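Welcome! Open the structure, keep the sequence beside it, and work through the exercises below at your own pace.

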Amino acid sequence: MNEPIILGIESSCDDTSAAIINGNKILSNIAANQTVHQEYGGVVPELASRAHQQNIIPVVEKSFTKANIQQKDISAIGFTRGPGLLGSLLVGTSFAKSLAMSLDVPLIEVNHLQAHILCHFIEDANPMPPKFPFLCLTVSGGHTMIVLVKDYFDMEIIGKTIDDAAGEAFDKIGKIMGLDYPAGPIIDKLAKLGNPDAFTFGKPKLENYDYSFSGIKTSVLYFLQKQLKENPNFIQENVENLCASVQKTIIDVLMKKLEKAAKDYDVKEVAIAGGVSANSGLREAMQNNVEKLGWNVYIPKFEYTTDNAAMIAMVAKLKFERGEFTDLRTSATARYDM
Ligand code: KG4
Ligand code: ZN
């Protein structure tokens, strides 16, 4: 049997992306990143939505060209229905609906968070896909949670953040330090040049598997305010050590709960997903647990960490096999339970 060829569309936040998958193999994965938000220090929903409108047609066209696939050859269209920014989701959703109608192919709705997790089943994401049940630390700009993945579409959130997401913590702390948005990748880069033990910041003390990151942000803020009174150049002079110490604090918090969950649930298949899974310190901490704790770890390829349509196409393919289609009355939803 021929494997289906599916177009995936992602527009939940500030990246417009389109990808084509054939079976589990990605033929193209195109993204237009929006730079308009940089000067505001965060995503401005209205601007994001307008930029998606400008980008969506060229991005989809490029995904077909790169894959060397004709529109008439696709079997279905998958799109991110939620969660995310409503104005952004509406652009991808409306576009997917119109194209599905004009090409007369089925439409498949995809949950963005499930897609981050299921990116591990893309053919070249890992040498081997994870085995069920596995734990997935899902860390992005909007979410931070530990998910017990029992099957493709049987996921249980066993812990999550009670305030900021890990990516948000990176971005907000970066903003305090005067770094550009998004600060996560910048902190990662500078951290490589600094001493992670140079400064210590308060860590949350929470029961069970939940996270909290707003306290770390406040701890950094108060520390810097105090230092800046004595030395106005404190940040510039210590930026690498500050980044290394902040990164270490966030990763320690993330890993501690993940290790506790793996132990309590007796699971050794452990994955990470989402934008923060691009972080080199987090990837290294995961890798260390192969030897230390006997884990089999699953770390996505960089292009499948931050928002991308390849992961949307992957989920659409899994739903296509199950005959899970969406009718044209569907609409975007900012909140969408897994
Ligand atoms: O998954 P994603 O692209 O979008 C959401 O669904 O939120 O994640 C974006 C987040 C941002 O907060 C960004 O700062 C963070 O991922 N991020 C990183 C790195 N690359 C992206 N954080 C730390 N280190 C990185 N290398
Ligand atoms: Zn995301």
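## Exercise 1: Three strands in a row

Task: find how strand β6 is joined to strand β7, and then how β7 is joined to β8.

Solution. Start with β6, residues 134–139, and β7, residues 144–151: the two run antiparallel and are joined by six bridges. Please keep in mind that you are looking at a predicted model. To check the register of this pair, pick L135 and look across to β7, where L148 stands opposite. Next, follow the chain from β6 into β7, and you pass through a hairpin of four residues.

Now step on to β8, residues 154–160. Six bridges link β8 to β7, and this pair runs antiparallel. Here a good marker is V147, whose bridge partner in β8 is I157. The hairpin between β7 and β8 takes two residues.

## Exercise 2: A helix and its cover

Task: decide whether helix α4 is mostly covered or mostly open, and identify what lies over its buried residues.

Solution. First locate α4 at residues 166–176. A residue counts as buried when 20 or more other C-beta atoms lie within 10 Å of its own. By that test, nine of the eleven residues of α4 are buried, so the helix is mostly covered. Walk along the buried ones: A166, G167, E168, A169, F170, D171, K172, I173 and G174.

Then look for the cover. It includes two strands from Exercise 1, β6 and β7, together with the helices α5 (183–191), α6 (214–230) and α7 (234–264). Finally, move past the end of α4 to G178, where phi is positive, near 85°.

## Exercise 3: Two domains and their contact

Task: describe how the chain is divided into domains, and what domain 1 brings to the contact with domain 2.

Solution. Begin with the division: domain 1 covers 5–119 and 305–321, while domain 2 covers 128–299. Their C-alpha centres are 27 Å apart. Between them, the contact draws on 14 residues of domain 1 and 16 residues of domain 2. On the domain 1 side, helix α3 (residues 112–118) gives the most, with five residues. Sort that side by residue type and you get five nonpolar, eight polar and one charged.

## Exercise 4: The annotated stretch

Task: find which residues UniProt lists for "domain: Gcp-like", and how much of that stretch is helix and strand.

Solution. The unreviewed UniProt entry gives residues 25–313 for this feature. Over residues 25–313, the chain is 46% helix and 17% strand. To finish, compare the two ends of the stretch: their C-alpha atoms are 10 Å apart.

Methods:
Residues numbered from 1 in each chain as written. Chains lettered and ligands numbered in written order. Predicted model: local features only at pLDDT ≥ 70, side-chain atom pairs only at ≥ 80, totals over all residues. Pairing = 2+ DSSP bridges. UniProt positions renumbered as here; feature names shortened; annotations may be inferred. Buried ≥ 20, exposed ≤ 12 C-beta atoms within 10 Å, placed from the backbone. Contact = placed C-beta atoms within 7 Å. Domains from an automatic or database assignment. Nonpolar A, V, L, I, M, F, W, Y, C, P; charged D, E, K, R; others polar.
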